[in-house]
Amino acid sequence: MKVAVTSVGIDLDSMIDERFGRSSYFIIADTDSDEFEVFENEGLSSAHGTGVQVAQFIAKKGVQAIITGNIGPNAVKILKESGIDVFIANSMTVRQALANFLEGKLEKISGATTGQHNK
């Protein structure tokens, strides 16, 4: 299973970036092979629509779940339409978030945790 995690850095020991659309990086981990890829958020400097752009990018990568701190309504809508589950995690490393995800300890959400244009 491919799981994307918002991150402030480029490795599994980086802290989760609590912003979805404005996340510095996305780490996509394959829970079956224990391999991961890191992607810089190319939409970080966009004036608006970043959450939607990021959600579309994540969907194209074949991700089945995303772990983040907060997420807006437009991004949630795109992810839900793409069949991607959204889980919330804060104040932990990417490695810890993935372990908690695999153990079923993260909260799955069905709606936004912030309003639009959260920076």
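Leu12, Ala29, Asp30, Thr31, Asp34, Glu35, Phe36, Arg95, Leu98, Ala99 and Leu102 line the second largest pocket. The model is predicted. Three elements each give two or more residues to this lining: strand S2 (25-30), strand S3 (35-40) and helix H3 (94-102). Helix H3 supplies the largest share, with four residues. The space in the second largest pocket is about 150 Å³. Rolling a probe the size of a water molecule over the atoms shows where empty space is left.

What classes of residue make up the lining of the second largest pocket? Six are nonpolar, four are charged and one is polar.

**Two residues with positive phi**

Most residues other than glycine have a negative phi. Asp34 goes the other way. Its phi is positive, about 65°, although Asp34 is not a glycine. Asp34 sits in the loop between S2 and S3. It is also one of the residues lining the second largest pocket. Is Asp34 buried or exposed? Its relative accessibility is 68%, and exposed means over 50%, so Asp34 counts as exposed.

Ser91 also has a positive phi, about 55°, and is not a glycine. Ser91 lies in the loop between strand S5 (85-88) and H3. With a relative accessible area of 61%, Ser91 is exposed.

**From buried to exposed**

The table sets out five residues by place and relative accessibility.

| Residue | Place | Relative accessibility | Class |
|---|---|---|---|
| Val94 | helix H3 | 0% | buried |
| Phe20 | loop between S1 and S2 | 2% | buried |
| Lys80 | helix H2 | 49% | partly exposed |
| Ser91 | loop between S5 and H3 | 61% | exposed |
| Asp34 | loop between S2 and S3 | 68% | exposed |

Why does Phe20 count as buried? Buried means under 20%, and Phe20 has 2% relative accessibility, so Phe20 counts as buried. Val94 counts as buried too, at 0% relative accessibility. Lys80 has 49% relative accessibility, and exposed means over 50%, so Lys80 counts as partly exposed.

**Along the chain and through space**

Separation along the chain is one thing. Separation in space is another. Take three pairs, with distances from C-alpha to C-alpha.

Phe20 and Leu102 are 82 residues apart in sequence and 20 Å apart in space. Leu102 is among the residues that line the second largest pocket. Val94 and Val38 are 56 residues apart in sequence, and 12 Å separates them in space. Lys80 and Ala55 are 25 residues apart along the chain, with their C-alpha atoms separated by 9.7 Å.

**A pair of helices**

Two packed helices are described by the angle between their axes and the distance between the axes. How do helix H1 (residues 50-60) and helix H2 (residues 73-81) lie, and at what angle do their axes cross? The axes come within 8 Å and cross at roughly 20°. Angles under 35 degrees count as roughly parallel, so H1 is roughly parallel to H2. The crossing of H1 and H2 is right-handed. Lys80, the partly exposed residue, belongs to helix H2.

Key:
Residues numbered from 1 in each chain as written. Predicted model: local features only at pLDDT ≥ 70, side-chain atom pairs only at ≥ 80, totals over all residues. Heavy atoms only, no water. 1 Å grid on protein atoms, 1.4 Å probe; cavity = no way out; pocket = protein on both sides within 12 Å on 5 of 7 lines; lining within 4 Å. Points joined across faces, edges and corners; volume = space filled by probe spheres on them. Nonpolar A, V, L, I, M, F, W, Y, C, P; charged D, E, K, R; others polar. Buried < 20%, exposed > 50% of the residue type's maximum accessible area, 1.4 Å probe, protein only. Axes fitted to C-alpha atoms, helices over the stretch in contact; angles between N-to-C directions. Parallel < 35°, antiparallel > 145°, perpendicular 65-115°, else oblique. Left-handed = near helix turned anticlockwise from the far one by under 90°.
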